[in-house]
Every structure is written in structure tokens, then in C-alpha cells.
Amino acid sequence: MKSTSLSLIAGAVALAAVTGFAALNVPGDDGATEAGASSRLPVERSSLLCPAPGLSDLAETAYTSFTPPANGEGEAGTAELKSPAADTKKDDEEKDKSKSDEKSKSEDKSKDKSKDKAAGSDKPVVALKEPGKPVTADVSGSDAPALVGTATGRLAPGWSAQQTTTVEAGDGRGVLGVSCTAPDTDFWFPAASTAKTREDYVNLTNPDDTAAVADIELYGPDGTLKSDVGEGITVPAGSGVRVLISTLTSKAAEDVTVHVTTRTGRVGAVVRTADSKTGSDWLTASAAPAGTLVLPGIPADATSVRLVAFAPGEDDADLTVRLLGKTGPFAPVGNEDLHVKSRMTAGVDLKNLTRGEAGSLLLTPTQKDRATPVVAALRVVRGKGDKQEVGYIPATGPVGAQATAADNRSKGSTLSLTAPGAAGTVKVTASAGSKAGTPVSKTYKVAAGTTFAVTPPVPSGLKGTYALTVQTQSGGPVHAARTLALPQDGIPMFTVQTLPDDGGTVEVPAAEQDLSVLDD
């Protein structure tokens with residue numbers, strides 16, 4: 001018996017289960033795909049999760065949703081972000097309505113209005129209408145829920161959302177920016193902390209209609225920080241859970257690596273950090289463990305840069321550390337190399353590494369034939385004294401086909417582009433404004449081994465916010481990050497978002513290609 005060819009539809013379903021991206025159209029008789037060749041097809045469904053904004057009543061949160069324009073036609077689709085409690089609430093309301101008379105319905109409506117404020121209503125917080133034009137929404141206070149979202153049709157490929165929270169005072173003050181992420185089952189967060197000056201929370205959000213069970217492991221400079229309470233954490237269906245990591249261990253450590261995995265289900269995971277001196281920001285997951293890592297977008301005026309790395313395998317890692325600057329790579333004096341012991345978190349203070357020029361950090365194996373997988377992140381501080389502000393830059397993948405930073409203002413954005421290997425050329429497009437503005441595009445060439453920091457283009461006649469989309473044209477790979485600076489009262493508040501490939505397309509085999517492994 002001969003085994004059958006792999007079904008593209010089955011492959012797409014499997015992909016959706018793991019990453020949140022779903023169904024694909026399979027080329028048929030009218031497809032242009034050649035026999036035996038692979039092709040890239042746009043995804044038809046995308047999922048995103050945004051964490052609950054924070055713990056401060058002073059929090060002001062802006063959401064921006066955007067899908068880049070694309071060639072071709074297809075179903076219009078939808079792209080909505082709403083409270084995960086909304087779907088459950090809607091089901092309960094429908095049951096209640098079936099048992100109520102008209103008078104009861106009227107009374108229930110008035111009650112439901114107050115419930116909506118706390119639990120979320122079925123009405124989306126943000127609903128995108130068309131590709132190429134961002135949509136925004138604002139929420140105030142500490143009670144704002146986590147949001148879950150799904151995009152379909154033409155709005156799915158490259159769909160992105162940004163959550164930007166401003167807290168002007170208090171220990172949690174700062175600009176907290178995060179790109180909403182797809183649900184997954186495995187996350188690494190170097191640069192967290194259980195120090196007494198820090199309050200770091202792991203935020204877990206479950207988008208599905210069944211409970212997820214997650215484990216949180218902590219690793220300090222001396223290895224595992226043992227804890228029984230980090231195991232078997234239930235994240236209820238359509239809900240979010242915050243876990244203060246200092247409650248998972250009795251040991252205070254400046255540098256901690258957090259590892260989140262799920263036993264069942266999938267979650268969105270991100271760490272909210274807060275420091276009594278340097279404010280707060282979101283720490284997003286590092287790229288998957290790899291022998292070579294790129295951490296792009298260190299601001300030119302950074303006054304402190306701390307590198308935190310972790311080797312999750314059985315082997316120690318020996319890394320070469322290089323800053324990719326405006327004119328090329330150079331070794332930080334005294335920190336040219338970094339030894340990372342297996343399953344122990346290593347941290348090193350690189351101080352004012354950039355010396356007035358924006359840069360990116362490149363980590364490579366000291367011995368090319370011994371590439372031990374690692375994860376890494378940077379803790380970056382701007383300002384001095386009581387006017388300091390913190391941000392985080394995790395290791396990230398290249399721009400690939402396309403990547404987007406959704407929330408940009410008329411001023412305050414800096415785009416950092418770095419080519420760790422060969423030179424690369426990218427096209428940067430500023431979208432239409434959320435209220436008004438005409439898209440503008442520019443092409444940039446990034447020299448090999450350098451970082452090119454630029455004030456990105458702004459839409460002509462901009463009103464509102466806009467999105468920046470970076471597309472690889474040739475060469476590379478190119479890695480990118482966007483810094484959004486929103487200073488307040490002399491404090492250089494900022495946040496950095498990396499721009500890995502948005503996963504808007506997936507490479508699939510041609511329908512005619514037989515992927516059989518064995519012929520019986």
C-alpha cells in the first residue's frame with residue numbers, strides 16, 4: 001500500500017493549533033504553482049492576545065489594530081479585539097433571554113450595562129474595517145481586561161496589534177508597550193527579576209473555551225529556583241491570570257529567566273516588570289533558543305545596558321559579544337565574550353555601551369562548530385538620577401517577508417535596522433493615518449554588520465496614529481526594532497518593540513508534491 005500525499009488543509013489546521021494562524025486556500029486547477037515546487041500562501045485566519053494593561057488606576061491605554069494592504073482579492077473578513085469574557089457572557093445572556101418575558105429582558109439590559117464595564121461586552125474594543133488603515137481605541141484605569149482577537153479573510157495576513165499604556169506617576173510609571181502575540185505553548189523570558197526593588201508579573205491569557213494548565217519555572221545565577229506553586233497553574237477558559245514571580249520563590253535574584261510551558265491548551269504569555277527607580281515596561285519572549293542571536297534597537301542615548309542570557313540545554317555556551325553600530329561591529333571593552341553555564345542565568349552590565357550611537361547586539365558562538373542554543377534579552381535604561389526609564393529588547397528573528405509596528409505618532413518613533421550578515425535592502429511604508437493621512441514609502445539599504453537608525457517616514461497630512469511596515473527587498477537578513485519615545489515631566493519614557501516576520505504567509509508544498517516517506 002502506498003502512503004498518501006500530505007494534505008495542505010491538514011497542515012494548515014495543525015499550524016493553527018500551535019501558532020494561532022489557520023486555514024489556507026490550496027491551489028487548484030487555476031493555481032499557478034508548478035508541480036514539485038513549494039509556494040507561499042496567505043493565511044486566512046490569525047489570532048492575537050493582548051495582556052491586561054496593568055495595576056494602576058492612572059493607566060491610560062491605547063490599542064492600535066492594523067493589517068497591511070495586499071494584492072489580490074478575497075473575502076473581506078473581520079479583525080476584532082475584545083474581552084475574553086465576552087463570548088462566555090454572551091452565551092449566558094442568550095440562555096437567560098430564552099427564560100425571560102419582555103419585562104425581564106428590559107430589566108436585564110440595565111443590569112448588563114454595569115456588568116459590561118467590568119466583564120466586557122460582546123462589542124469589540126477594537127474592530128478593524130479594512131487593510132491599510134489602522135483603527136484605535138482608548139481605555140482608562142486598572143480594570144481594563146486582557147483582549148483576545150481573531151482576524152479572517154483579507155484582514156488576516158500580517159494582522160498586528162499594539163497595546164501602549166502610559167502611567168505618569170507611581171512605582172509603575174512609564175510607557176509600557178507590547179505587540180499583541182499569538183497563543184503558544186512555550187515561552188522564555190530572560191531579564192526578569194525577583195529583586196526586592198522589582199515587582200514582575202507573568203501575565204497568562206487563555207483565548208480558548210477550555211481551561212489551560214501552565215507551569216512556570218525560574219532560573220537564577222545558580223540554577224533552578226525551586227518552587228511547587230509554579231506548577232499546574234490553571235488559566236480558566238476565556239480568562240487571564242497574573243502571577244507575581246517573587247511569590248514563587250524565597251530567593252531574591254537580580255537576573256532571572258522565566259520559562260512558561262503549558263501541559264494542556266495554549267496561552268499568551270508576557271512579563272510586566274516594575275522597578276521602584278526605573279519604572280515599568282513589558283518584557284516579551286525571546287526568540288527560540290539558538291546559537292546566534294540578534295537584539296536590535298538599543299537607543300543612542302542609553303545610559304545603561306544589561307545583557308541577560310540563558311542556556312536551557314545540557315551544555316554551557318561560550319558567546320562572542322559584538323555591538324553592531326553605525327559604521328560596523330566592535331567588541332565592548334572588557335565584555336568581548338560571555339560564558340553561560342548550563343541552566344544558569346548569566347547577566348553582564350554593558351554600561352553606556354552605545355556611546356551616543358544607536359546599535360544592536362549580536363551574540364555568536366565563540367567556536368563555530370559548537371553552537372549551544374541560548375535565549376537572551378537586554379534591559380535598557382535611559383535618563384539619570386530620579387529621571388530614569390527602563391525598556392526591554394528580547395532576541396528576535398529577522399523581518400523576513402514583512403513585519404509591522406502598529407502604533408506610531410507624529411513624532412517619537414525611531415526605526416532601527418541591522419544586517420548582522422550580508423547587506424540588505426528594505427522598504428518601509430508609513431500607512432494611512434487612523435483619522436487622516438496618505439501612505440508614504442521609503443527604501444533603505446543597510447550595510448553588512450551595521451545598524452541604521454532613522455526617523456521613519458510619516459504619512460502626508462497625518463491625523464491620528466499610523467503603522468510602519470518593513471518589507472525585505474533583497475539581501476539580508478535584516479532585523480528591526482521600533483522605539484516609541486513619549487517623555488513626561490523630564491523623564492525619557494520609551495518602549496521598544498522588535499519586528500520579526502509577521503507570519504502573514506506560510507510556505508507550503510504544491511498540491512502535486514508527494515511528501516510520502518515510505519512506499520509499502
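Student: What percentage of the 520 residues of the protein count as buried?
Tutor: The model is a predicted one. A residue counts as buried when its relative accessible area is under 20%. Among the 520 residues of the protein, the share that counts as buried is 51%.

Student: Is Leu324 buried or exposed?
Tutor: Leu324 belongs to strand β21, which covers residues 317-324. The cut-off for burial is a relative accessible area under 20%. Leu324 has a relative accessible area of 2%, so Leu324 is buried.

Student: Which residues is Leu324 in contact with, leaving aside its neighbours within four places in sequence?
Tutor: Contact requires heavy atoms within 4.5 Å. One residue to look at is Gly359, 35 residues from Leu324 along the chain, with 5.5 Å between the two C-alpha atoms. With neighbours within four places in sequence left aside, the contacts of Leu324 are Pro329, Ala358, Gly359, Ser360, Leu362, Thr418, Pro420, Gly449, Thr450 and Thr451.

Student: Among contacts between residues at least 6 apart in sequence, what percentage join residues at least 24 apart?
Tutor: The pair Leu324 and Gly359 are 35 residues apart along the chain, and Gly359 is among the contacts of Leu324. For the protein, taking contacts between residues at least 6 apart in sequence, the part that joins residues at least 24 apart is 80%.

Student: Which residues form a negative surface patch with Glu60?
Tutor: Glu60 is located in strand β3, residues 60-66. Patch residues need over 30% relative accessible area, and Glu60, at 44%, counts as partly exposed. The other residues forming this negative patch are Asp138, Glu168 and Asp489.

Note on methods:
Residues are numbered from 1 along each chain as its sequence is written. This is a predicted model: local features need pLDDT of at least 70, side-chain atom pairs count only at pLDDT 80 or more; totals for chains, interfaces and linings use all residues. Side-chain values use heavy atoms; hydrogens and water are left out. Patches are made of residues with over 30% relative accessible area and no salt bridge: like charges are joined within 9 Å, nonpolar side chains (Val, Leu, Ile, Met, Phe, Trp, Tyr) within 5 Å. Accessible areas come from the Shrake-Rupley method with a 1.4 Å probe; for residues, only the protein chains shown count as cover. A salt bridge is a side-chain nitrogen of Lys or Arg within 4 Å of a carboxyl oxygen of Asp or Glu. Lys and Arg count as positive and Asp and Glu as negative; His and the chain ends are not counted. The place of a charge is taken as NZ of Lys, CZ of Arg, CG of Asp or CD of Glu. Helices (H or I, at least four residues) and strands (E, at least two) are DSSP runs, numbered from the N terminus. Buried means under 20% relative accessible area, exposed over 50%, partly exposed in between (1.4 Å probe, protein chains only).
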